[in-house]
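This report is meant for someone meeting the structure for the first time. Please look over the sequence and the model shown here before reading on.

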Amino acid sequence: MVSTGEDFYAIPLNTIEGIVRVSTYELEEYYKPDAPMYEYAGQEYRLQYLGSLLNSDHHPKLQGQALPLPVILVRGAEQPMALQVDNLMGSREIVVKSLGPQFSTVRGVSGATILGDGNVVVILDLPAMIRSDILSERQRLAELDKARESARYEERATVVMVVDDSVTVRKVTSRLLERNGMEVITAKDGLDAVAQLQDHKPDIMLLDIEMPRMDGFEVASFVRHDDNLRDMPICMITSRTGEKHRERALAIGVNEYLGKPFQETELLKTIERLTGKQ
């Protein structure tokens, strides 16, 4: 039996590797950010206050404590864990009661017992609770990494590949995009675009239809069948504004179909929408 704050908990003996006492001075050091692991008998443990593991409002009471405080070394956990408690209440034999189906989803609780004074004490499954805590921490770190990666993606300039056999179109389009903070890769026809896609993966491709050596439909089909490129947005910009050409482009997997000459505002909004960058 242990206590944290005013709460009492029962911990099965078969989940306890050992019990040690640690001075409040040492505990203060272990509770600091980037603190070292607690080491005992050649084994390293992650030291934590039981109340923190339980997500309770209680905090370790270190001030004014003259004697070292008890720390439980947990057995059977995926990661060796040392849990500081406020008090040890001794060991005793208890009758385990089921908590019922309404508590079946509560993590780290294996049952409860009723003390002689009528108080109900929860029985903790510390290894299960620690596994859940480790999983939550991994998920938190994964989400943090994802957020950082998303922030880096938002910060870097949008890379646009402009594929058109007209030198004038390539220059005009490039100047517009660069004025709006984008990086531009140009290709003079389909074959040139395919060659450059071996080394670069732009955020979006602006693609003409009628070009020598390899037309826009062939380039779009190549992109949609390439495992590394298939998710790249394609905006086709062409003087061929008929429904027949539009339907063929959309059937291949082109995301947007604009006519020439394009409206600058419409093109910029299309790039923002297809790349997800505002």
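## Helix 1 and its surroundings

In this predicted model, Glu 26 has a relative accessible area of 35%, so this residue counts as partly exposed. Glu 26 is part of helix 1, and although Pro 68 lies 42 residues away along the chain, the C-alpha atoms of Glu 26 and Pro 68 are separated by 9.3 Å.

Thr 24 also belongs to helix 1, which covers residues 24–30. The relative accessibility of Thr 24 is 14%, and because buried means under 20%, Thr 24 counts as buried. When its neighbours within four places in sequence are left aside, Thr 24 is in contact with Leu 62, Gln 65, Leu 67 and Leu 69.

## The hairpin at the start of the chain

Strand 1, made of residues 2–4, and strand 2, made of residues 7–10, run antiparallel and are joined by 3 bridges. Across this pairing, Val 2 of strand 1 stands opposite Tyr 9 in strand 2. The two strands form a hairpin with 2 residues between them, and in the turn Gly 5 has a positive phi of about 65 degrees.

Which strand pairs with strand 2 in the parallel sense? That partner is strand 10, formed by residues 120–124, and the pairing runs over 2 bridges. Tyr 9 takes part here as well, with Val 122 in strand 10 as its bridge partner. Tyr 9 therefore faces Val 2 in strand 1 and has a bridge to Val 122 in strand 10.

## The chain as a whole

The protein chain contains 8 helices and 15 strands. Its radius of gyration is 32 Å, whereas the globule rule gives 19 Å for 278 residues, and because the value is well over that figure, the chain is more spread out than a compact globule. The C-alpha trace spans about 90 × 40 × 35 Å along its principal axes.

Of the 278 residues, 40% count as buried. If one takes the contacts between residues at least 6 apart in sequence, 61% of them join residues that are at least 24 apart.

## Surface and charge

The accessible surface of the protein chain comes to about 16100 Å², and carbon and sulfur atoms account for 48% of this area. As for charge, the chain carries 32 positive and 43 negative side chains, and the centres of these two sets lie 4 Å apart.

Notes: Residues numbered from 1 in each chain as written. Predicted model: local features only at pLDDT ≥ 70, side-chain atom pairs only at ≥ 80, totals over all residues. Heavy atoms only, no water. Helix = DSSP H or I, 4+ residues; strand = E, 2+ residues; numbered from the N terminus. Rg over C-alpha atoms; globule rule 2.2 N^0.38 Å. Buried < 20%, exposed > 50% of the residue type's maximum accessible area, 1.4 Å probe, protein only. Contact = heavy atoms within 4.5 Å. Areas by Shrake-Rupley, 256 points an atom, 1.4 Å probe, with all protein chains shown as cover. Lys, Arg positive; Asp, Glu negative; His and termini not counted. Charge placed at Lys NZ, Arg CZ, Asp CG, Glu CD.
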